[in-house]
Amino acid sequence: MNLIEAYNLSISNSLTGELIVENLSFHIKRHTCLGIVGESGSGKSMSMKAILGLLPSSLKTTGCVRFGDIEMIAAKQETLRKIRSKHICLILQDAMTAFDPLSTMGEQIIETFCENMNYTSCEAKKVTLEVLNKMMIHDPLLIMQSYPHQLSGGMLQRCMIGLAMALKPEIIIADEPTTGLDSINQRNVLAEFKRLREEGMTLIFISHDLGVVRYLADDVLVMRHGQCIEYGEAAKVFTNPDQPYSKYLVDTRKSLTKVFGELINKGAATSC
Amino acid sequence: MGFGRNCDDMQRGAFMRNYMIKRILWILPMLVGISFFAFVLITLSPGDPAEVALRVNEIVPTPEAIALMREQLGLDKPFFTRYVEWLLAVVQGDFGNSYVNNKSVFQEFIMALPATLYLSAVALIFIIFISVPIGVLCAVYEGSMGDIFVRVFIFLATAMPGFWVGLLLIWLFSVQLGLFPTSGMQAANSVVLPAFTLALTYIATYIRLIRNNMIENKQENYVTYAKARGLKESIIYRHIFKNSLNEVLTALGMSIPKLIAGSVIVENIFAWPGVGRLCVSAIFNRDFPIIQAYVLMMAVLFVICNLIVDILSASLDPRISQDG
């Protein structure tokens, strides 16, 4: 059963008339993961924000996106607000700027729970501690009292993921969650997503890192310049891409990992 | 994570303390510099204070009388001697006597200061209670008819000079409508017109500052995420407002001494018996000790307000207090 179905999603700048995303169509089944890959500026994040009605008013969205019985593009802001978080959770790319710099992490996580789960602030606090514990964050009380700038990007990213998990949405959209993290944090964050997948969470995972998408996704959508280049099963796209651009992406990655592999092997050989 | 953070905090705290001590130590040389500068300017200005003092007291300024007066006022001494004597007296709390009526300058100020402080305080209340709600509403209803109307008002209010606005207000509210007295401070509502005149440009400035800051903050990533978290508009605007406030508070802190100093013109239009009027009449009478005391008082006010604003904004924004 398809959770989200998007037909001919287009985004244009109403001031300049420039077309940013063109006729994007995709769907996502329950308990699967859709990976969206493409270079920066290809319209990946923009499309996801458009679905949730998070684009500034100067950008015009057309097309049809169905979530259950609801048509998301034409929906009122209030309807969308109730879908956000409770049904579709977004994890943003830039964790360092995603939280209000003048409120503590505790305040922000608690207010989210109070708003969406109808908890009292006392219950919300308890849940927050549980969430942080589950995310393997040491000393959750200290984290709750901290301001965002006192925490590392990886820590903030894990708070966002933890929050998304605790809200128990039907879909989590993760917009390049590993960008801007060092490799150790990247690995931890990826492990969380893998766990989410294993728990049966439906996931849309946006990345320009093919390796990461291959690790998580069932289906892949390749985007370039706001257009869908290729859309299909991950295994097929990665082993036997139809389009020259997808092939180029996959080949580039192969040659990069090849160089890396050679270097590792060389290092191993010399150290012996 | 835990240890590193506490260590960092301690270091930053010490840095902040050093910074504050340095700031406070700098106040003294700054005040000496300002008062010296003011002394030079007054001495260079044309007009002999001895002669004016005689005329004001209705004595014919013959050369002998002027010479005697100069000696009495100490004006025959060299410039540096006069400055150092003045400075030493001020350190001991003695601001000298007025050239014109020989009253203690300190006493004159104590008499006039409450009126000015009262006027500025009422103006400040007008500024806060008018510009904050209107600024917030403009940001929330950006682009609406009301927003456009307010923007036209801001444009007009910043373009109109204070003395002219004051006269217009007197004409409309006192002469035509008879709602407020034209001048003085006898009636309870006499403060309304001068305070509003004083506040008007600031009201316009702060509406614009709050509105623009909030609109700028609306584009921030944390607002997108706050929306994605399903928060209500009212909670999101609370976050936006909090983040827009720091710059406003800094500007407001610096506006307080400006309000007090800026009351000079308003006090003269509305015949408000404050320090501004005292200073203007002192300037006309070449009454050096009063002018000198006024300049010093304003300098102290600016320096202290500046310091308080710095400390306040550091305590409001956790990022500043820790990054130094």
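## Confidence, starting at the N terminus of chain B

Residues 1-5 of chain B keep a pLDDT under 50, and over that stretch the model has four contacts beyond four places in sequence. This is a predicted model, and where pLDDT is low the predicted coordinates should not be read in detail. So what does the rest of chain B look like by that score? Its mean pLDDT is 84, with 94% of its residues at 70 or more.

For the complex as a whole, the predictor reports an ipTM of 0.85 alongside a pTM of 0.79.

## Chain A overall

Chain A carries ten helices and ten strands. With a radius of gyration of 20 Å, close to the 19 Å that the globule rule gives for 272 residues, chain A is as compact as a globular protein of that length. Along the principal axes, its C-alpha atoms fill a box of roughly 55 × 55 × 35 Å.

Inside that box, 44% of the 272 residues of chain A count as buried. If you look at the contacts in chain A with a separation of 6 or more, 64% of them come from residues 24 or more positions apart.

## An open sheet in chain A

Four strands of chain A form an open sheet, in the order β2-β1-β4-β5, and the pairing is antiparallel. The edges belong to β2 (19-29) and β5 (70-71) of chain A; each has a single partner strand, so one side of each is left without a neighbour in the sheet.

At the β5(A) end, the partner is strand β4 (residues 59-67) of chain A, and the two pair in the antiparallel sense over two bridges. One residue pairing to pick out there: R66(A) has E71(A), in β5(A), as its bridge partner.

## Two positive phi values outside glycine

Back in the sheet, strand β1 (residues 2-13) of chain A holds N8(A). That residue has a phi near 50 degrees, which is positive even though N8(A) is something other than glycine. Is N8(A) buried or exposed? N8(A) is exposed, since just 12 other C-beta atoms lie within 10 Å.

K168(A) is another one to look at: it isn't a glycine, yet its phi is positive at about 45 degrees. You'll find K168(A) in the loop between α6 (153-166) and β7 (171-175) of chain A. K168(A) is exposed too, with 12 other C-beta atoms within 10 Å.

## Where the chains meet

On the chain A side, 26 residues are in contact with 21 residues of chain B. Which element gives the largest share of that side of chain A? Helix α3 (residues 105-117) of chain A does, with four residues. By character, the side of chain A that touches chain B splits into ten nonpolar, eight polar and eight charged residues.

## Chain B: the annotated domain and helix α9

An unreviewed UniProt entry places the feature "domain: ABC transmembrane type-1" at residues 113-313 of chain B. In the model, that stretch of chain B is 83% helix and 0% strand, and its end C-alpha atoms sit 28 Å apart.

Helix α9 (residues 221-228) of chain B has seven of its eight residues buried, so it is largely enclosed by the rest of the structure. The buried ones are Y222(B), V223(B), T224(B), Y225(B), A226(B), K227(B) and A228(B). What covers them? The cover includes α8 (192-218) and α10 (233-269) of chain B, together with β6 (88-91) of chain A. Just after α9(B) comes G230(B), with a positive phi of about 75 degrees.

Conventions
Residues are numbered from 1 along each chain as its sequence is written. Chains are lettered from A and ligands numbered from 1 in the order in which they are written. This is a predicted model: local features need pLDDT of at least 70, side-chain atom pairs count only at pLDDT 80 or more; totals for chains, interfaces and linings use all residues. Two residues are in contact if their C-beta atoms, placed from the backbone, lie within 7 Å. Ala, Val, Leu, Ile, Met, Phe, Trp, Tyr, Cys and Pro count as nonpolar, Asp, Glu, Lys and Arg as charged, and the others, Gly among them, as polar. pLDDT is the predictor's confidence in each residue, from 0 to 100. The radius of gyration is taken over C-alpha atoms; the globule rule is 2.2 Å times the number of residues to the power 0.38. A residue is buried if 20 or more other C-beta atoms lie within 10 Å of its own, exposed if 12 or fewer, and partly exposed in between; C-beta atoms are placed from the backbone. UniProt positions are given in the numbering used here, feature names are shortened, and annotations may be inferred rather than shown by experiment. Two strands pair if DSSP finds at least two bridges between them.
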